[in-house]
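Biologist: I am new to this structure and should be grateful for a guided reading. May I put a few questions to you once it is displayed?

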Amino acid sequence: MRDIPVVIVGLMGAGKSTVGRLVADALGRDQRDSDADLHDRYGLTAAEIAATLGADVLHEREARVLRAALDRRPPLVIGAAASTVEDAEARQALRRAFVVFLDGPPALLAERMRSSAHRPHFLPDLERMLTEQRERRLPYFVEVADLTADATRPAEEIAAQVLAALDD
């Protein structure tokens, strides 16, 4: 299993970047993140794409950069935008990867987002938005996941769980 891409999925604030960095370091791989890939490919941030072109264009582009990252060699560790699981082609492409779903309560994820400089532009009712996104996307997260990890646990423990699962 260590010769295929590892993709970390979950809602904003679940810890995809942190866990991904730990897994990438342990595997000696490069890590990619959908936000960085969007900016590299389109010259705009996710927020700028959403504001100027709309959420549908953003989500289509997030799925496109995920599919491109899955094709890179050597295989990467990828932090995928949560929206990608709603795209049927992206879900199909994820079958070529080991997918980790970081699942956590929306209240905790909202608190992480509020205390992070990473995404300071989100709404005051972030918890409700995350709850709605989780309800809509949960069947897709479950469909693509090879491993579901509790996002309330320390990132180091989750990374160790991922590495152990890759060895099985």
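The exchange below concerns the sheet, one of its strands, a helix and the nonpolar core.

Biologist: In what order do the five strands of the open sheet lie?

Modeller: The model is a predicted one. Strand 1 is joined to strand 3 (residues 77-79) by three bridges and to strand 4 by four. Strand 4 also pairs with strand 5, in the parallel sense, over four bridges, while strand 2 (31-33) and strand 5 are the edge strands, each pairing on one side only. The order of the open sheet, with parallel pairing, is therefore 2-3-1-4-5.

Biologist: Which residue of strand 4 is the bridge partner of isoleucine 8?

Modeller: Strand 1 and strand 4 run parallel and share four bridges. On the strand 3 side, valine 6 stands opposite valine 77. In strand 4, the bridge partner of isoleucine 8 is valine 100.

Biologist: Are the side chains that point either way from strand 1 buried or exposed?

Modeller: In a regular strand the side chains alternate between the two faces of the sheet. Val6 and Ile8 point one way from strand 1, and Val7 and Val9 the other way. On both sides, these four residues are buried.

Biologist: Why do the buried residues of helix 8 lie on the same side?

Modeller: An α-helix has 3.6 residues a turn, so residues three or four places apart point the same way. In helix 8, the buried residues are Ala155, Ile158, Ala159, Val162, Leu163, Ala165 and Leu166. On the other side of the helix, Glu156 and Asp167 are exposed. The buried residues lie on the same side because the arc they cover around the axis is only 160°.

Biologist: At about what angle does helix 8 run to strand 5?

Modeller: The buried residues of helix 8 pack against strand 1 (6-9), helix 1 (16-27), strand 4 (98-103) and strand 5 (147-150). Helix 8 lies across three of these elements, namely strand 1, strand 4 and strand 5. Its angle to strand 5 is about 160°.

Biologist: Which helix gives the most residues to the largest nonpolar core?

Modeller: The largest nonpolar core has 49 residues, and Val6, Val7, Val23, Val100, Leu102 and Val162 touch the most other members. Beyond its neighbours within four places in sequence, valine 6 is in contact with residues including Val23, Val100, Val162 and Leu166. With seven residues, the greatest contribution to this core comes from helix 8.

Note on methods: Residues are numbered from 1 along each chain as its sequence is written. This is a predicted model: local features need pLDDT of at least 70, side-chain atom pairs count only at pLDDT 80 or more; totals for chains, interfaces and linings use all residues. Side-chain values use heavy atoms; hydrogens and water are left out. A nonpolar core is a set of buried Ala, Val, Leu, Ile, Met, Phe, Trp, Tyr and Cys residues joined through side-chain atoms within 4.5 Å. Buried means under 20% relative accessible area, exposed over 50%, partly exposed in between (1.4 Å probe, protein chains only). Helices (H or I, at least four residues) and strands (E, at least two) are DSSP runs, numbered from the N terminus. Contact means heavy atoms within 4.5 Å. The arc is that of the directions from the helix axis to the C-beta atoms. Two strands pair if DSSP finds at least two bridges between them. Axes are lines fitted to C-alpha atoms, for helices over the stretch in contact, and angles run from 0 to 180 degrees between N-to-C directions.
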